[in-house]
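Here is a friendly walk through one protein model, moving from a single residue out to the whole fold and back again. Keep the structure open beside the text as you read.

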Amino acid sequence: MVKAKYAAITAVSLLLLFGVAVWGLLLPDADVSRAERRTLAQAPALTAEAVFSGDYMEDLETYLLDQFPARDGWRTLKAVTRFGLFRQLDNNGIYLVDDQVLKMEDPLQENQVNYAAGKINELMDTVLQGMDVYYSIVPDKNYFAAEANGYPHMDYDRLFRLMQDTVRAEYLDITGLLTLDDYYRTDAHWQQQSILPVAQALADGMGLGVSLEPEGGYTANTLEPFYGAYWGQSALPVAPDTLTYLTSAATEAASMTGAEFEGRWPVYTVSRFTGMDGYDVYAGGAQAILTIESPLAKTDRELIVFRDSFGSSIAPLFLEGYARVTLIDLRYVATSILTEYVDFADQDVLFLYSTSLLNAGMLLR
């Protein structure tokens, strides 16, 4: 009886071991993981040099892990077990507050924040001399949830003080206009339909003097399901979001040009919703320099926004008031060559950076 029991256990173990191996061999290799938003390792080339250096075995291990059958299912099982069975407070830095998925930020890096502040001052002393320059800070989701729920977080008060003590531009405070509910549940970014008051406050702070609300209001257009970055990183069975983008006569008439576009493109690139990051619907996603022309704007004023990814979704809301909006992302273009692509004259200038970007300020080139 005992022998039969051990024989059955051995048989099942071998079946699982070899069954999974055969399953993995039969399955075609995947190129990318949409859940993890990255490319997956492919089978390494078997060469004598790679074998003797040890690189082959390391690359093979990475490849087998990336191409493991039902990888996403195992990731979900691990996450659910950590949260549900072992009552862990986070899974690889991802945690939950009600139906919001959040990711813990690094502790405050003062040298990074000081670098970002210095970069703003450097531009004010060079290409932005004599121009009206403003800056604002977008708090990340942890700003609203981490401390109240007992999770580690950066020293936000210190970050804001560092910026205000160092940057010579005029500060426009938007923190009081935002709550955790204004952000996507499964992503780091704010929802466009929730930030109309933010856009208006920024425009008012820059003295634009007109309403950004179109006559008759905006039309809300929805795309779903939207799987934010934290949806994949969490590996939890949470419901996806709905992405909403707002259109008006001004946004429909507007067009944008950039180095990565041929000709003129619409402000919302809906075709990118099914790509690696659905948030790329807004202003084409990550771009070094974009120029948006708005022929139906209520003024002839122009705006330059130095931004990170949060700027992509707020930029279309400025088109009611500004005839031209130029978006510059210094993570992808060096400060030293800006004048080759942008004519700095008498535009309003807004530095709009998230706390996450400021805490990694050395990404700015």
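Let us begin with Tyr95, which counts as buried because its relative accessibility is 0%. The model is a predicted one. Tyr95 belongs to strand 3, residues 94–97. Its side chain makes a polar contact of 2.6 Å with the side chain of Asn142. Tyr95 also has Tyr230 as a distant point of reference: 135 residues separate the two along the chain, while their C-alpha atoms are 9.6 Å apart.

**The chain as a whole**

The protein chain contains 12 helices and 13 strands. Of its 365 residues, 46% are buried. If you take the contacts between residues at least 6 apart in sequence, 72% of them join residues at least 24 apart. The exposed surface of the chain comes to about 18000 Å², with 55% of it supplied by carbon and sulfur atoms.

**The seven-stranded sheet**

Seven strands form an open sheet with mixed pairing, in the order 6-5-13-11-12-10-9. Strand 6 (170–171) and strand 9 (255–258) are at its edges; each has a single partner strand, so one side of each lacks a neighbour in the sheet.

Strand 5 (132–138) is a good place to look into this sheet. Six of its seven residues are buried, so strand 5 is largely enclosed by the rest of the structure. With strand 13 it pairs in the parallel sense over seven bridges, and with strand 6 it is joined by two bridges, again running parallel. Which residues does Tyr134 meet across these pairings? In strand 6 it stands opposite Glu170, and in strand 13 its bridge partner is Leu350. Tyr135 has Tyr171 of strand 6 as a bridge partner. As a general point, side chains in a regular strand alternate between the two faces of the sheet.

**Two helices that pack against strand 5**

Helix 5 covers residues 110–125, which makes 16 residues. From first to last C-alpha it reaches 22 Å, close to the 22 Å expected at 1.5 Å a residue. Its buried residues are Gln112, Val113, Ala116, Ala117, Lys119, Ile120, Asn121, Leu123 and Met124. These pack against strand 5, helix 7 (156–166), strand 11 (302–307), strand 13 (348–354) and helix 12 (355–358).

Helix 7 has Tyr156, Leu159, Phe160, Leu162 and Met163 as its buried residues. They span an arc of only 155° around the axis, which means that they lie on the same side of helix 7. Asp157 and Asp165, on the other side, are exposed. The cover over the buried residues includes helix 5, strand 5, helix 6 (142–145), strand 6 and helix 12. At the start of helix 7, the backbone nitrogen of Asp157 has a side-chain oxygen of Asp155 within 3.4 Å.

**Backbone details in the loops and a strand**

Two residues that are not glycines have a positive phi, and the table sets them side by side.

| Residue | Phi | Loop | Relative accessibility |
|---|---|---|---|
| Asp98 | about 55° | between strand 3 and strand 4 (100–103) | 76%, exposed |
| Ala283 | about 50° | between strand 9 and strand 10 | 0%, buried |

Are these two buried or exposed? Asp98 counts as exposed, whereas Ala283 is buried.

Another backbone feature to inspect is the cis peptide bond joining Glu224 and Pro225, where omega is about 0°. Pro225 lies in strand 7, residues 219–226.

**A buried glutamine in a loop**

The loop that holds Ala283 also holds Gln287, between strand 9 and strand 10 (289–293). At 2% relative accessibility, Gln287 counts as buried. What does the side chain of Gln287 reach? Its partner is the backbone oxygen of Gly284, at 3.0 Å. Leaving aside neighbours within four places in sequence, Gln287 is in contact with Glu260, Phe261, Arg272, Arg307, Asp329 and Tyr332.

How values were computed: Residues numbered from 1 in each chain as written. Predicted model: local features only at pLDDT ≥ 70, side-chain atom pairs only at ≥ 80, totals over all residues. Heavy atoms only, no water. Helix = DSSP H or I, 4+ residues; strand = E, 2+ residues; numbered from the N terminus. Expected span 1.5 Å × (residues − 1). Buried < 20%, exposed > 50% of the residue type's maximum accessible area, 1.4 Å probe, protein only. Contact = heavy atoms within 4.5 Å. Areas by Shrake-Rupley, 256 points an atom, 1.4 Å probe, with all protein chains shown as cover. Pairing = 2+ DSSP bridges. Arc of directions from axis to C-beta. Polar contact = N/O pair within 3.5 Å; in protein donor to acceptor, adjacent residues only side chain to side chain.
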